Amino acid sequence: MIDFGRTSLDYARYRIPFSLRLFERLQQSKIGCAGQHVLDLGAGTGLLGAGLKDRGCVVTSIDPSIELLGRSESSGSRVAGCAEILPFENDCFDVIAAAQCWHWFDRHAAPREIHRVLKPGGSVAVIYQTYIPLPDGIAERTEKLILRHHPGWRHANSTGINGQVLRDLQINRFIDIESFSFDIEAPFSREAWQGYIRTTSAVGASMTPEQLLLFDHEHAEFLKDEPEPMRIPHRIFAAVARKPGSSV
């Protein structure tokens, strides 16, 4: 069973902030502007919500994990709940943002609920900031270790692009659908990379304490001679769309 609440301390310590370039690009689509009421869906510890709040948005965070919400960096409202049954009235948010989580949603129920609670003319943004396991790189070597411990892990070797979300938005009557991506290098200490990896579904969220201890030891062993900071390639991807109608 996957339980991200078990990773809440590592989430708070080691998950990296979203790129400033992401917020600049979103604002070009009128997402994340001052005064907007934003629902941060699958908010986790609130990294995305914190960035939106810094830009003047009023943020409500929702996540199934009370443990993650309890370590949230966003000081707005926090609600325990899921994307498939949103505890909000119709037409009440200017923006709904979902970061690092679309692949966990029910692809039929969640988009319908997002459509319901968005105001006419409101926007949705689905965001990923994903490390890229390039050949012979630290991320690829880490994934090979994960797969030795968790052979059935289905999120290995990601390209950082979730094309399915574009279809999901189109099927559910969103319009003006666009997407963009760009790459960055994120610096990590050896400790921070280990902590970051512990937050993944195949590691801290699903391993037993004994399994995690063994994995962490083996991970530390192959990282011990890596010079710091280790620069890990990441890809930022966003799909944005609008609910039909006028917000005026």
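Colleague: Where do Glu113 and Arg116 lie, and about how many helical turns separate them?

Modeller: This is a predicted model. Glu113 and Arg116 both belong to helix α5, residues 109-117. They are three residues apart there, so the separation is about one helical turn.

Colleague: What kind of contact do the side chains of Glu113 and Arg116 make, and at what N to O distance?

Modeller: Side chains of opposite charge can pair when their charged atoms come close. The cut-off for a salt bridge is 4 Å between nitrogen and carboxyl oxygen. Glu113 and Arg116 meet in a salt bridge, with an N to O distance of 2.8 Å.

Colleague: Is Glu113 buried or exposed?

Modeller: Buried means under 20% relative accessible area. Arg116, at 24%, counts as partly exposed. Glu113 has 14%, so Glu113 is buried.

Colleague: Which residue forms a salt bridge with Glu140?

Modeller: The partner sits four residues from Glu140 in helix α6 (residues 138-149), about one helical turn away. The closest N and O atoms are 3.9 Å apart, and the cut-off is 4 Å. At 48% relative accessibility the partner counts as partly exposed. The residue is Lys144.

Colleague: Which helices are linked by the salt bridge of Arg198 and Asp216?

Modeller: The side chains of Arg198 and Asp216 meet at 2.9 Å, N to O. The two residues are 18 apart, and the pair links distant parts of the chain. Arg198 is in helix α8, and Asp216 is in helix α9 (residues 209-223), so the helices are α8 and α9.

Colleague: Which residues are joined with Asp10 into one network of salt bridges?

Modeller: Arg198 is buried at 14% relative accessible area, and Asp216 counts as buried at 19%. Salt bridges that share partners make the network, and those joined with Asp10 are Arg198 and Asp216.

Colleague: Why is the pair of Phe188 and Trp193 edge-to-face?

Modeller: A pair of aromatic rings is described by the distance of the centres and the angle of the planes. Planes over 60 degrees apart count as edge-to-face. The ring centres of Phe188 and Trp193 are 5.2 Å apart, and the pair is edge-to-face because the planes are at 80 degrees.

Colleague: Which residues form one aromatic cluster with Phe188 and Trp193?

Modeller: Phe188 is buried at 2% relative accessibility, and Trp193 is buried at 0%. The other two members are both buried as well. They are Tyr131 and Tyr196.

Colleague: Which charged residue sits over the ring of Tyr196?

Modeller: A charge counts as over a ring only within 6 Å of the ring centre, besides an angle condition. Here the charged end is 5.3 Å from the centre of the Tyr196 ring, and the residue is Arg15.

Colleague: Which residues of helix α7 are exposed?

Modeller: In α7 (residues 164-171), Val165, Asp168 and Leu169 are buried. They cover an arc of only 95 degrees around the axis, so they are on the same side of α7. The other side carries the exposed residues: Arg167, Gln170 and Ile171.

Colleague: What covers the buried residues of α7?

Modeller: The cover includes one helix and several strands. Among these elements, β6 spans 175-188 and β7 spans 230-242. The named elements are α5, β5, β6 and β7.

How values were computed: Residues are numbered from 1 along each chain as its sequence is written. This is a predicted model: local features need pLDDT of at least 70, side-chain atom pairs count only at pLDDT 80 or more; totals for chains, interfaces and linings use all residues. Side-chain values use heavy atoms; hydrogens and water are left out. Buried means under 20% relative accessible area, exposed over 50%, partly exposed in between (1.4 Å probe, protein chains only). Rings of Phe, Tyr and Trp (its six-membered ring) pair if their centres lie within 6.5 Å; planes under 30 degrees apart count as stacked, over 60 as edge-to-face and the rest as tilted. A charge sits over a ring if NZ of Lys or CZ of Arg is within 6 Å of the ring centre and within 35 degrees of the ring normal. The arc is that of the directions from the helix axis to the C-beta atoms. Contact means heavy atoms within 4.5 Å.
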